[in-house]
Amino acid sequence: MDTILSVHELHYRYPGPGSGLSDVSCGIPAGRRTVFLGANGAGKSTLLHALSGVLRPQRGEVRYQGQPLDYSREGMKALRSRIGLVMQQPDVQLFCPQVFQDVAYGPTNLGLSPREVRERVEDALEAVGVAGCSQNPVHCLSYGEKQRVAIAGVLAMQPAVMLLDEPTAELDSAGIDALLVELEKLRRNGATLVMATHDIDLAWRWGDHFLVMEEGRVKWEGEHGQLARDTSLFEHLNLRMPTVGPIYLSLVRQGMISSRHVLPRDAGELVELLETK
Ligand SMILES: Nc1ncnc2c1ncn2[C@@H]1O[C@H](COP(=O)(O)OP(=O)(O)OP(=O)(O)O)[C@@H](O)[C@H]1O
Ligand SMILES: [Mg+2]
């Protein structure tokens, strides 16, 4: 398994007592879907910021394709075109007065022609369902629309790695479905996807690789299959099970599903198991 981004004994302290990252080492597998899980304040956003180069570690290293990040102005400019970060708060991410302008900002800085910029912006806004807002002032958007525009801004950059910090927190179900479709298109084209989320059902349905954080450390890193085979890990890691979990376990106990079937990703897969028994 190739690792596209890796973190080595990274240490970062915010001013004030006890918050930040301590001795974090982990890897983001290339071309796959990685999920960051962990309670409020566990350090997920801080780690995503470090992975994107926005936050520079006080000790330790972040490497992209094996090379330590270059924090110079030019280095960061080059990195922006490869690693995209959708921040947790769209208000922090969006800074142009108008939607089109905001999404166009990154692609324009890549030196693309005005026609290419327009195409990318229109495609990105369309993909997240806010094409109709393109001429609107950003401050008039609802919070969910702002989140969609922030995602569009990163999609328009067509990055090799997309880091998404709670991207579905404000989205309605149609918005979540549209985002997942778009992410899958990117992944099929070779992109690497990373998402921090509190939505365990979404994480379970979507993720391949899991990183569980607690108090500024990575507590566990492993594959979907490991958790699917050994559901006791959820309790062990202090994670809530996805909704499908207790139903699956009950059906296994009642002998309605063989325990050789691992925990399915969602209710649809569970129904398939029951019907093919
Ligand atoms: N700018 C800051 N200044 C001081 N402390 C900060 C700052 N940003 C984050 N922290 C602290 O660092 C810790 C980790 O925060 P972080 O935002 O990375 O957590 P998180 O896992 O993303 O949480 P959430 O699930 O609430 O988004 C928290 O204790 C937080 O209070
Ligand atoms: Mg966060």
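**A walk through the predicted model**

His209 has its bridge partner in strand E10, namely Glu223. That pair is a handy way into this structure, which is a predicted model. The two strands concerned are E9, covering residues 209-214, and E10, covering residues 217-223, and they run antiparallel with 6 bridges between them. Together E9 and E10 form a hairpin with 2 residues between the strands, and here Glu215 takes a positive phi near 45°.

Stepping back to the whole chain, the secondary structure adds up to 12 helices and 10 strands. The C-alpha trace spans about 60 × 45 × 35 Å along its principal axes. How does the radius of gyration fit what a compact globule would have? For 277 residues such a globule would come out near 19 Å, and the chain has 20 Å, so the two agree. Buried residues account for 51% of the 277 residues. As for contacts with a separation of 6 or more, 61% of them join residues that sit 24 or more positions apart. The accessible surface comes to about 13500 Å², and carbon and sulfur atoms make up 48% of that area.

The domain assignment splits things into two pieces: domain 1 takes in 1-82 plus 159-223, while domain 2 takes in 92-157. Where the two domains touch, domain 1 puts in 17 residues and domain 2 puts in 11 residues. Their C-alpha centres lie 22 Å apart.

Back among the strands, there is an open sheet of 4 strands, paired antiparallel in the order E2-E1-E4-E5. Strand E2 (20-29) and strand E5 (67-68) stand at the edges with a single partner strand each, so one side of each has no neighbour in the sheet. Further in, strand E1 (residues 3-13) pairs with strand E4 (residues 59-64) in the antiparallel sense, over 5 bridges. Leu5 takes part in this, with Tyr64 in E4 as its bridge partner.

Next comes the metal. Which residues supply the protein donors of the magnesium ion (ligand 2)? They are Ser45, through OG, and Gln88, through OE1, at 2.0 to 2.2 Å from the ion. These two come from distant parts of the chain, 43 residues apart: Ser45 belongs to helix H1 (residues 44-52), whereas Gln88 sits in the loop between strand E6 (83-86) and helix H3 (90-93). Ser45 has 21% relative accessibility, and since buried means under 20%, Ser45 counts as partly exposed. Gln88, at 32% relative accessibility, counts as partly exposed too.

Two helix residues round off the picture. Glu182 is found in helix H7, which covers residues 173-188. Is Glu182 buried or exposed? With a relative accessible area of 15%, Glu182 is buried. Leaving aside residues up to four places away in sequence, Glu182 touches Ala127 and Leu155.

Leu233 is in helix H10, residues 232-236. Leu233 is buried as well, at a relative accessible area of 14%. Not counting residues up to four places away in sequence, Leu233 touches Trp220, Gln226 and Leu227. Glu116 is another matter: 117 residues separate Glu116 and Leu233 along the chain, and their C-alpha atoms are separated by 48 Å.

Methods: Residues are numbered from 1 along each chain as its sequence is written. Chains are lettered from A and ligands numbered from 1 in the order in which they are written. This is a predicted model: local features need pLDDT of at least 70, side-chain atom pairs count only at pLDDT 80 or more; totals for chains, interfaces and linings use all residues. Side-chain values use heavy atoms; hydrogens and water are left out. Donors are N, O and S atoms within 2.8 Å of the metal (3.2 Å for Na, K and Ca); water is not among the atoms, so sites may look incomplete. Buried means under 20% relative accessible area, exposed over 50%, partly exposed in between (1.4 Å probe, protein chains only). Two strands pair if DSSP finds at least two bridges between them. The radius of gyration is taken over C-alpha atoms; the globule rule is 2.2 Å times the number of residues to the power 0.38. Contact means heavy atoms within 4.5 Å. Accessible areas come from the Shrake-Rupley method with a 1.4 Å probe; for residues, only the protein chains shown count as cover. Domain bounds come from an automatic or database domain assignment.
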